[in-house]
Amino acid sequence: MCARALTDYYKAIWNGTDIELNAFMNNENLVHYTQKKIQSQFDLYFTIKLADDFVQSVGIATRDVDWEVEYTNNEDGGFLYLHLPAEINYNQGSFGEATEFLVRNENDQLVIVDWYTGGKDTYDFMVRGENETIDNPTIWNNSQWVKEINSNQLNFSGSTR
């Protein structure tokens with residue numbers, strides 16, 4: 001599921017294709033944040049990429065890079081932490097970017113409850129902050145935190161990189 005979400009995400013950013021976020025997540029705050037993130041990144045990459053420089057595939061790197069997987073059982077039923085090193089292949093080459101996910105079972109369906117890419121100069125790094133600890137599966141239900149993130153998104157969208 002996370003590999004498919006990453007594939008659809010990078011194709012939405014680089015190729016302008018649609019992504020159905022509700023297939024991967026059911027928290028409207030996370031969906032809203034991710035939609036703004038995709039639009040911001042599409043706008044940025046659309047202005048700098050070559051006309052035929054499209055993402056062809058996204059894979060989870062397997063050579064010389066370790067995945068990190070950890071299950072935490074808590075009072076809400078537990079969640080799975082995944083740190084996935086993605087390799088994004090496009091017409092002119094490839095690049096790598098590690099992404100962290102929190103996944104849990106909600107109503108008999110696996111869903112992404114948090115998603116963070118913390119590489120320097122990434123959208124999440126700039127909007128959510130550097131070196132975020134991704135360990136709270138209910139963070140997107142915290143209205144004060146979401147309000148701060150929404151404000152950061154507004155400030156970021158008005159800035160130039």
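The dialogue below goes through strand pairing, two turns, one loop residue and a pocket in a predicted model.

Trainee: What makes β3 and β4 count as paired strands?

Mentor: Two strands are called paired if at least two bridges are found between them. Strand β3, residues 79-90, and strand β4, residues 93-106, have eleven bridges in the antiparallel sense, so the pair meets the requirement of at least two bridges. As examples, I88 stands opposite F95 in β4, and the bridge partner of A86 in β4 is E97. The link from β3 to β4 is a hairpin through two residues.

Trainee: Which strands besides β4 pair with β3, and how do you know that β1 is one of them?

Mentor: Strand β1, residues 55-60, is joined to β3 by five antiparallel bridges, and the cut-off is at least two, so β1 and β3 count as paired; within this pairing S57 stands opposite N89. Strand β2, residues 68-72, also runs antiparallel to β3 with five bridges, and here Y71 stands opposite L80. The hairpin of β2 and β3 has six residues between the strands, and G77 in this hairpin takes a positive phi near 105 degrees.

Trainee: How many bridges join β4 to β5?

Mentor: Seven bridges join β4 to strand β5, residues 109-116, and the two strands run antiparallel, with V103 standing opposite I112. They form a hairpin with two residues between them, and N107 in the turn has a positive phi of about 55 degrees.

Trainee: Why is D108 called exposed, whereas D121 is called partly exposed?

Mentor: The relative accessibility of D108 is 77%, and exposed means over 50%, so D108 belongs in that class. For D121 the value is 45%, and since partly exposed covers the range between 20% and 50%, D121 is placed there. D108 lies in the loop between β4 and β5, whereas D121 is found in the loop between β5 and α3, residues 123-127. Although D108 is not a glycine, its phi is positive, at about 60 degrees; D121, not a glycine either, has a positive phi of about 75 degrees.

Trainee: Why is N27 called buried, although it sits in a loop?

Mentor: The place of N27 is in the loop between α1 and α2, but the class rests on accessibility: N27 has 16%, and buried means under 20%, so N27 counts as buried.

Trainee: What makes the approach of N27 to L30 a polar contact?

Mentor: The side chain of N27 reaches the backbone nitrogen of L30 at 3.1 Å, and the limit for a polar contact is 3.5 Å, so the distance falls within it. Leaving aside neighbours within four places in sequence, N27 is in contact with W140 and N141.

Trainee: What lines the largest pocket, and how much space lies in it?

Mentor: About 200 Å³ of space lies in the largest pocket. It is lined by 16 residues, of which Y10, Q41, Y45, E97 and T122 are the closest to its centre. The elements that give two or more residues to the lining are α1 (2-15), α2 (28-48), β4 and α3, and the largest share, four residues, comes from α1.

Trainee: How many residues of each class does the lining of that pocket have?

Mentor: The lining has seven nonpolar, three polar and six charged residues. E97, which is among the residues closest to the centre of the pocket, is a Glu and is therefore counted as charged.

How values were computed. Residues are numbered from 1 along each chain as its sequence is written. This is a predicted model: local features need pLDDT of at least 70, side-chain atom pairs count only at pLDDT 80 or more; totals for chains, interfaces and linings use all residues. Side-chain values use heavy atoms; hydrogens and water are left out. Buried means under 20% relative accessible area, exposed over 50%, partly exposed in between (1.4 Å probe, protein chains only). On a 1 Å grid over the protein atoms alone, a cavity is a set of points where a 1.4 Å probe fits but cannot get out, and a pocket is an open set with protein on both sides within 12 Å along at least five of seven lines; lining residues have an atom within 4 Å of a point. Grid points are joined across faces, edges and corners, and a volume is the space filled by probe spheres set on the points. A polar contact is a pair of N or O atoms within 3.5 Å; within protein, one must be able to donate a hydrogen and the other to accept it, and residues adjacent in sequence count only if both atoms are side-chain atoms. Contact means heavy atoms within 4.5 Å.
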